[in-house]
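Work through the exercises below with the sequence and the model open side by side. Each task is followed by a solution in steps.

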Amino acid sequence: MYSGAAILHADLDAFYASVEQLLDPSLRGRPIAVGGSAAGGVVLAASYEAKRFGVSGGMPGRRARELCPRITFVRGHFDRYQQLADGVMAILRDVTPVIERISIDEAFLDVSGSVHLFGPPDVIADQLRRRVRREIGLPISIGVARTKHLAKVASQVAKPDGLVLVAPEREREFLDPLPVALIWGIGPVAQARLRSEGIHTIGQLAATSPASVRRLLGEAAGGKLSALALNEDPRRVTGATRARSVGAQSAMGRQPATPDTVRAVLGHLADRVAVRLRAKHRAGRTVTVRVRYPGMRSVTRSLTLGEPVAATLTLTEIAEQLAWQALHEESQRRPGEQVQISLLAVSVSNLVARHAVQQELAVPPGDPRREGSEAGAARLAVDTSMDAVRARFGRGAVGYLPAMSRGGVPDDFRELAEKEV
């Protein structure tokens with residue numbers, strides 16, 4: 001078995017914007033933003049021509065126009081994104097069965113067992129890039145390294161439309177001068193904290209004692225990022241496995257934890273999760289809510305039920321119960337202060353396949369959390385009807401208030417990002 005750098009990280013470049021430029025040749029070479037407008041809305045993705053002006057995903061459309069007056073806003077072709085991305089993944093699978101797709105537009109590959117058929121890993125990577133460009137029409141960058149972490153860093157360095165091989169003997173030479181922002185999992189808050197301590201590069205982070213990094217970033221995050229800076233990453237590329245949970249999250253900036261806000265956000269998240277569960281004929285017994293506060297501190301609360309659930313209202317109620325447990329504890333930690341939140345997340349695990357629900361005898365008291373009860377069956381019947389309406393007329397045709405009032409990123413885009421791949 002090949003023992004060198006044999007892990008590839010393949011990442012389609014500016015995927016959503018590149019697809020729009022592929023579908024409309026008049027947009028090629030021009031700065032474009034998918035989503036948003038000069039009047040408002042949120043930019044979902046930007047082409048490299050727009051990124052040179054500082055435009056990025058998640059930015060208000062108005063700000064994008066200020067940075068790049070010549071930018072063109074386009075609506076997304078959500079139906080084509082999945083089709084084209086799946087075509088790319090099919091090409092990647094032609095060289096190895098050991099492929100781990102981690103999002104719609106990126107995947108890890110282990111080609112150690114393929115070198116005797118297709119040549120060294122960097123040759124395989126070059127062949128894949130050429131095929132994707134020729135057969136699909138999209139640019140893709142690939143990093144080749146000994147570990148998953150390093151392969152992902154290499155693919156980011158390779159962008160746009162490039163290939164970087166990091167030989168085992170050159171790992172420190174390659175990593176040390178790179179900015180810490182390239183490490184998988186380091187966000188803006190962590191970058192700012194590291195910068196305050198004079199840590200700007202991966203080499204500087206690797207030279208800092210793990211204990212100091214843990215004090216700075218927290219026990220779990222600090223230990224993980226110290227290890228990655230040293231390229232200590234024992235994770236192997238794993239093939240496709242059945243999803244163990246279904247979840248959704250919403251970043252909120254910094255908002256007061258009011259009942260209206262919490263209800264609207266959790267209702268929207270629960271609906272997204274429940275729809276995906278029902279589409280896969282699945283339900284789950286464990287509901288988990290994560291609440292993140294300003295400063296990156298997060299808490300989670302979970303509840304395991306006696307019966308699996310997939311009804312939107314039931315998930316919403318349980319999520320609210322769990323969230324308010326966490327928020328009440330936070331208010332006790334900070335008496336007299338308004339609790340603020342920056343992110344809410346809902347997930348369902350302990351999944352089971354479910355194609356039908358066994359009806360219970362109508363013996364009081366009825367519990368709507370049991371979907372075989374009269375109340376629970378009524379909730380599920382409403383959801384099933386709404387699923388059918390949405391399938392025909394679109395997601396915005398019907399839904400629960402106040403969850404329907406949530407704006408920002410279109411649900412089509414969210415579902416692509418959260419799709420079980």
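The model is predicted.

**Exercise 1. A proline and the bond before it**

Task: State where P160 lies and what form the peptide bond from K159 to P160 takes.

Solution.
Step 1. Place the residue: P160 is in the loop between α7 and β8 (163-165).
Step 2. Read omega for the bond from K159 to P160; the value is near -5°.
Step 3. Name the form: this peptide bond is cis.

**Exercise 2. The helix before that loop**

Task: Determine how many residues of α7 are buried, then examine H149 and K152 in turn.

Solution.
Step 1. Count along the helix: nine of the 11 residues of α7 are buried, and the helix is mostly covered.
Step 2. List the buried residues: K148, H149, L150, A151, K152, V153, A154, S155 and A158.
Step 3. Take H149, which belongs to helix α7 (residues 148-158). Its relative accessible area is 1%, so H149 is buried.
Step 4. Find what surrounds H149. With neighbours within four places in sequence set aside, H149 contacts I183, W184, L228, N231, D233 and R235.
Step 5. Turn to K152. The charged end of K152 sits over the ring of W184, at 5.0 Å from the ring centre.
Step 6. Do the same for K148. Its charged end sits over the ring of F108, again with 5.0 Å to the ring centre.

**Exercise 3. Two asparagines with positive phi**

Task: For N231 and N350, give phi; then decide for each whether the residue is buried, partly exposed or exposed.

Solution.
Step 1. Start with N231, in the loop between α12 (219-229) and β9 (245-256). Phi of N231 is near 60°, a positive value in a residue that is not glycine.
Step 2. Apply the cut-off for burial, which is under 20% relative accessible area. N231 has 5% relative accessibility and therefore counts as buried.
Step 3. Go on to N350, in strand β12 (residues 340-353). N350 is not a glycine either, and its phi is positive at about 60°.
Step 4. N350 has 37% relative accessibility and counts as partly exposed, since that class lies between the 20% and 50% limits.

**Exercise 4. An aromatic pair**

Task: Classify the geometry of the pair Y16 and Y81, and say which parts of the chain the pair ties together.

Solution.
Step 1. Search the whole structure for aromatic pairs; there are five.
Step 2. For Y16 and Y81, the ring centres are 4.8 Å apart and the planes stand at 75°. Planes over 60 degrees apart count as edge-to-face, so the pair of Y16 and Y81 is edge-to-face.
Step 3. Locate the partners. Y16 is in helix α1 (residues 15-23) and Y81 in helix α4, so the pair joins parts that are 65 residues apart in sequence.
Step 4. Check accessibility. Y16 is buried with a relative accessible area of 10%, and Y81 is buried at 0%.
Step 5. Widen the view: Y16 and Y81 belong to one aromatic cluster together with F15 and F78.

**Exercise 5. A helix crossing**

Task: Describe how α4 and α6 cross, which residues make the contact, and what surrounds L92.

Solution.
Step 1. Take the axes of helix α4 (residues 78-93) and helix α6 (residues 121-136). These axes come within 10 Å and cross at roughly 140°.
Step 2. Assign the hand: the crossing is right-handed.
Step 3. List the contact residues. From α4 these are L84, G87, V88, I91 and L92; from α6 they are L128, R131, V132, E135 and I136.
Step 4. Sort the residues of this contact by type: seven are nonpolar, one is polar and two are charged.
Step 5. Pick out L92, in helix α4. L92 is buried, with a relative accessible area of 1%.
Step 6. List its contacts. Residues up to four places away in sequence not counted, L92 touches A10, I99, A107, L109 and L128.
Step 7. Take L109 from that list. The C-alpha atoms of L92 and L109 are separated by 7.9 Å, and the two residues are 17 apart along the chain.

Notes. Residues numbered from 1 in each chain as written. Predicted model: local features only at pLDDT ≥ 70, side-chain atom pairs only at ≥ 80, totals over all residues. Heavy atoms only, no water. Axes fitted to C-alpha atoms, helices over the stretch in contact; angles between N-to-C directions. Helix = DSSP H or I, 4+ residues; strand = E, 2+ residues; numbered from the N terminus. Left-handed = near helix turned anticlockwise from the far one by under 90°. Contact = heavy atoms within 4.5 Å. Nonpolar A, V, L, I, M, F, W, Y, C, P; charged D, E, K, R; others polar. Phe/Tyr/Trp six-rings, centres within 6.5 Å; stacked < 30°, edge-to-face > 60°. Buried < 20%, exposed > 50% of the residue type's maximum accessible area, 1.4 Å probe, protein only. Lys NZ or Arg CZ within 6 Å of the ring centre and 35° of its normal.
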